[in-house]
Amino acid sequence: MERDKKGRFLKGTNGDLFEGYGKWYDKFGYPSIWIDGKSVMVHVFVWERANGERPKGYHIHHIDGDKSNYELSNLVCVSPGDHQKIHNGWISDDNGNWIKKPCKNCKEILELDLFYPRKGLTPSNVCKKCSSKINKEKLKNDPEFREKKKKYLKEYYNNKIKKNV
């Protein structure tokens, strides 16, 4: 175990140092250090030292997915929603626009227009093709689902007719 300048053991460290600070790995596997009596993740420390304080609620993401690679070129500040999309396999273009995502059912990476849109939300998690298969199977085997679908379609078409009149 490493000791500080006064000869005391560095709190919570495994003996490794990062720029003179005692370093250890937290329960999620992130290298962390003690600064002014507080635990700070090394990748956050490195990013904030170069870029200033990160925006409230934002995350620092490892581009290559390696938690022990805290080189500045491997770190990017992202919103929590974008961070979740990255880890869920979404793909963006060079401008940062989301263009593809995996289907939860068939696991294929598909264009976003191959998923049903949801009002004010991200597209559905199952592609249109899989959704159709799932619905056909449910209609065939689940009488309660069949009745709900029948009622929904009746209301949908009645409202559509009223709007066109």
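The protein exposes about 12,300 Å², of which carbon and sulfur atoms supply 51%; accessible areas come from the Shrake-Rupley method with a 1.4 Å probe, and for residues only the protein chains shown count as cover. This is a predicted model, in which local features need pLDDT of at least 70 and side-chain atom pairs count only at pLDDT 80 or more, while totals for chains, interfaces and linings use all residues. Residues are numbered from 1 along each chain as its sequence is written, and side-chain values use heavy atoms, with hydrogens and water left out.

Of the 165 residues in the protein, 24% are buried, that is, under 20% relative accessible area (exposed is over 50%, partly exposed in between; 1.4 Å probe, protein chains only). There are four helices and nine strands, taken as DSSP runs numbered from the N terminus (helices H or I, at least four residues; strands E, at least two). Along the sequence they follow the pattern β-β-β-β-α-β-β-α-β-β-β-α-α. Among contacts (heavy atoms within 4.5 Å) with a separation of 6 or more, 18% join residues 24 or more positions apart.

A nonpolar core is a set of buried Ala, Val, Leu, Ile, Met, Phe, Trp, Tyr and Cys residues joined through side-chain atoms within 4.5 Å. The largest has twelve residues: F18, I33, I35, V40, V42, V44, F45, V46, W47, I60, Y70 and L75. Two elements, β3 (31-35) and α1 (42-51), give two or more residues each to this core, and α1 has the largest share, with five. Leaving out residues up to four places away in sequence, V42 touches F18, K23, P31, S32, I33 and Y70. Another core, of six residues, lies apart from it and includes C103, F115, V126 and C130.

One of the contacts of V42 is S32, a residue of strand β3. Why does S32 count as buried? Its relative accessibility is 1%, so S32 falls in the buried class. With the same sequence neighbours left out, S32 touches G22, K23, W24, D26, S39, V40, M41 and V42.

The second largest pocket has a volume of about 180 Å³. A pocket is an open set of points on a 1 Å grid over the protein atoms alone, where a 1.4 Å probe fits, with protein on both sides within 12 Å along at least five of seven lines; lining residues have an atom within 4 Å of a point. The volume is the space filled by probe spheres set on the points, which are joined across faces, edges and corners. The lining consists of G81, Q84, K85, N88, W90, K101, P102, C103, K104, T122 and N125. Its largest share, three residues, comes from α2.
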